[in-house]
Every structure is written in structure tokens, then in C-alpha cells.
Amino acid sequence: MKIIDLRSDTVTQPTPAMREAMAKAPVGDDVYGEDPTVNALEELAAAKVGKEAGLFVPSGTMGNLIAMLSHCGRGDEIILGKRAHTFLYEGGGISTLGSVHSAQVWEQADGSIALEDIEAAVRPDDVHAPRTRLVALENTHNRCGGTFQPPAYMAAVGEFAHARGLRVHVDGARIFNAAVAQNVDVKALTGPVDSVTFCLSKGLCAPVGSVLCGSRAFIAEARRWRKHLGGGMRQAGILAAAGIVSLNEMVERLAEDHARARRLAGALSMNPKLVLDSGSPATNMLFMNLSNDVGMDAAQTADALRERGVLVGVTGARRFRLVLHYWIDDKDVERVVSALGDILT
Ligand SMILES: *Cc1c(COP(=O)(O)O)cnc(C)c1O
């Protein structure tokens, strides 16, 4: 029986085309700047998001950390969302490793941070306060349901921040999902901001890696931090080769995951034991709660699903996340619907 793994899109395995590209990739020592495949990936990534330069990093977490440490110095402050990945799930790295402070602001339900809330969080020039240096956004926003922000919002935040001498970083782990969902060029989302990290290892199916992009000067600084943090890899072209396939072949097809997420949500919304978050899923993930009359909790329900070969993410006592990706097809979606139907009677 095929295991249907909906816990995350990080579980995606490399495609056959990726494995072939990886086997054939010309490589060199990337710390010396001599890996042609890494260099090609970095150039391709930068061109895609409309930035001067890119930096291949082992993970999205390291990409965000390097970005924030490159933008900020000791005692500086970053305005970020209370439900942001950078705040919740990155070990507080900006503080432990960079002596950088965070001003946490509640996002709107759609994952945006309201301009007036950013404005209220900007510190006065006063010896009592840390220096506000950076605004960090997340697009798509994971904890807010895989929601996306439109170009107009990205432009508004960019304009607001730049007018005050602040910079903007986007945790764009799933920025291509955001672009594809809106049918816009990703540059419309990344153009207004100073730096962006995106993951190759999620819906884009590469086994490892993210790319941080920004200006040439910014990436030169970021390259120092990558080495400093132990992220300088050697013949990393083996990995970058898969990332090139991701960018060339796997971006447009993200729309299939979004369509399947909507179909899955439609079918599950017929089940009275499940309360789906309102609205159709924005991208490739859906969140839901067990209804009050279900005796089991989320962990018990996930165990029962596991016995039926379905893995889901438990994100609260009665809450789940289901993520669609390349290795989930229409038959799998049917199996998930019927497994949940069997368990929740
Ligand atoms: C996955 C993810 C990251 C980075 O995760 P890694 O596992 O370190 O690659 C960053 N931000 C968001 C929103 C994510 O979903």
C-alpha cells in the first residue's frame, strides 16, 4: 500500500529528472566559487526573482538567518509576524547567534501585517529603544493557512519601509506557490523587497536547499555569514543540479497541487465531523479542526489514519494540516477522503 504523506511538502522526493541531472552535474569547490552547477543555479534563481545575485544555502532556516544577520547588526530590531516561521520555528537564531531583537506583530488572518501595525512597531530614535532595521514578511504564510500576498501589498510594504530607511526581507519558502496561485510573475512579489529566501526542497521537489537572493553587495555579505555559520559546502553542485530542474520544470505545475487542495477541501467539507478553515485553500495546504462531537483528539485521529496509510500533520489538540505536493495524485485524494470518512463516523 502506498503511504500518502500529507504532513508537509518537505517530504517530496527528487524526481527521476533530478536524479539524472544530479548524477551528471559538473562540480567543483563551491567555497572557492568553483562549482559551475551551483553558480548556474544561483544565477538562474536571481534572474527568476529579479535580483542581482543568489546564494545557495542548505536550508530555508539558514537562508532566513543569513538574510537577517546580513541586514542587521547587534542590537537592531526586526519587525516580524507572531505566527511567522522566522519567529516560531527557527530557534530564535537571530537572537542566539546575532544579538538581534524582534518586534512581534500579529498578522491579519490572511498572513499580511497591516501597514499601520508596522508603523506602530517602528521605534523612535531614542537611546531607550533598539534600532528598527528590517521588516520580515512571509509569502505564502504557512501558519495563516498557506495564504498569499498580492504584488500591491508587497509594493506598499516596500515603499513604506524604504521611505523610513528600513529594509524588507521575504521568507518566500513558498513564494512560487504565491506567484502561481495569482498567475503573476514572481518578480512582481520580489521586486519591491530587498531580499528573498525560497525553498527548492518543498513543492519544487529538490532533495535539499534554498536560495537567498538580493543585491550583489548584500549577497557578498551573506556569503560571509554562510561560511561563518558552517553552510559553505564543497561539491554542492550535486544538490544544485536538482534545484535547476526545480526552477525549470517544477514551478508551473504547482497549480496542480493548488487545484487538488481545493478538491480535497471540497470533499472533506461534506464530512460533518470536520470543520475546515473558512474559504477555499489559497495554495497547497488546508487546515481543519475536529468537530466538538468527535471523541478522539487530533493525535488519535492521526494514528488511525496512519494505520490506513495516510500521514497528516497534527498542529493542535484538535487541529490538522494537510499539504498537497507532487507525489500526491487524484486517487490518493480519494483515499484520504474515504479514510477520514471511515474513521470519523
Ligand atoms: C519550510 C519553511 C522555511 C524553511 O525551512 P527549512 O526546513 O529550514 O528549509 C522557512 N519558512 C517557511 C514559511 C517554511 O515553511
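User: In this predicted model, which residue meets the side chain of Arg223 in a salt bridge?

Analyst: The model is a predicted one, and in it the N to O separation for the salt bridge of Arg223 is 3.2 Å, which is within the 4 Å that the criterion allows. Arg223 lies in helix α10 (residues 216-228) and its partner in helix α2 (residues 36-49), so the pair ties together parts that are 181 residues apart in sequence. The partner that meets Arg223 is Glu42.

User: Is Glu42 buried or exposed?

Analyst: Arg223, on the other side of the salt bridge, is partly exposed, with a relative accessible area of 32%. For Glu42 the relative accessibility is 6%, and because the limit for a buried residue is under 20%, Glu42 counts as buried.

User: How many residues apart in sequence are the parts that the pair of Asp9 and Arg174 ties together?

Analyst: The side chains of Asp9 and Arg174 meet in a salt bridge at 2.8 Å, N to O, and both residues are buried. Asp9 lies in the loop between β1 (4-5) and α1 (16-24), while Arg174 lies in the loop between β6 (167-171) and α8, so the parts that the pair ties together are separated in sequence by 165 residues.

User: Which residue forms a salt bridge with Glu119, and over the face of which residue does Arg164 lie?

Analyst: The closest N and O atoms of the salt bridge formed by Glu119 are 3.4 Å apart, and the partner is Arg164. Glu119 lies in helix α6 (residues 115-121) and Arg164 in the loop between α7 (151-163) and β6, so the pair ties together parts that are 45 residues apart in sequence. Glu119 counts as partly exposed at 44% relative accessibility, and Arg164 is likewise partly exposed, with a relative accessible area of 40%. Arg164 also lies over the face of a ring, at 3.6 Å from the ring centre, and that ring belongs to Phe160.

User: How many salt bridges does the count come to, and what is the count between domain 1 and domain 2?

Analyst: Among the salt bridges are those that link Arg253, Glu256 and Asp257 in a network, and the count comes to 18 salt bridges. The domain assignment gives domain 1 (15-249) and domain 2 (253-344), and between domain 1 and domain 2 the count of salt bridges is 0.

User: What area do domain 1 and domain 2 bury between them?

Analyst: The centres of domain 1 and domain 2, taken over C-alpha atoms, are separated by 29 Å, and the contact takes 18 residues from domain 1 and 13 residues from domain 2. Carbon and sulfur atoms account for 62% of the area buried between the two domains, and that area is about 1,300 Å².

User: What separates the C-alpha atoms of His258 and Thr283?

Analyst: His258 is placed in helix α12 (residues 254-268), and at 2% relative accessibility His258 counts as buried. Leaving out residues up to four places away in sequence, His258 touches Asn177, Val180, Ala181, Thr283 and Asn284. One of these contacts, Thr283, is 25 residues apart from His258 along the chain, and the C-alpha atoms of the two are separated by 4.8 Å.

User: How far apart in space are Val294 and Ala261, C-alpha to C-alpha?

Analyst: Val294 is found in the loop between β10 (285-290) and α13 (298-307), where Val294 is buried with a relative accessible area of 9%. Not counting residues up to four places away in sequence, Val294 touches Lys273, Arg318 and Leu344. Val294 and Ala261 are 33 residues apart in sequence, and their C-alpha to C-alpha distance is 24 Å.

User: How many aromatic pairs does the structure hold, and what is the angle between the planes of Phe176 and Phe198?

Analyst: The structure holds 2 aromatic pairs. Phe176 and Phe198 form one that is 5.0 Å centre to centre, and this pair links Phe176 in helix α8 (residues 175-182) with Phe198 in strand β7 (residues 195-199), 22 residues apart. Phe176 is buried at a relative accessible area of 5%, and Phe198 counts as buried at 0%. Because planes over 60 degrees apart count as edge-to-face, the pair of Phe176 and Phe198 is edge-to-face, with an angle between the planes of 85 degrees.

Technical notes. Residues numbered from 1 in each chain as written. Predicted model: local features only at pLDDT ≥ 70, side-chain atom pairs only at ≥ 80, totals over all residues. Heavy atoms only, no water. Phe/Tyr/Trp six-rings, centres within 6.5 Å; stacked < 30°, edge-to-face > 60°. Helix = DSSP H or I, 4+ residues; strand = E, 2+ residues; numbered from the N terminus. Buried < 20%, exposed > 50% of the residue type's maximum accessible area, 1.4 Å probe, protein only. Lys NZ or Arg CZ within 6 Å of the ring centre and 35° of its normal. Domains from an automatic or database assignment. Contact = heavy atoms within 4.5 Å. Buried area = accessible area lost by both parts, 1.4 Å probe.
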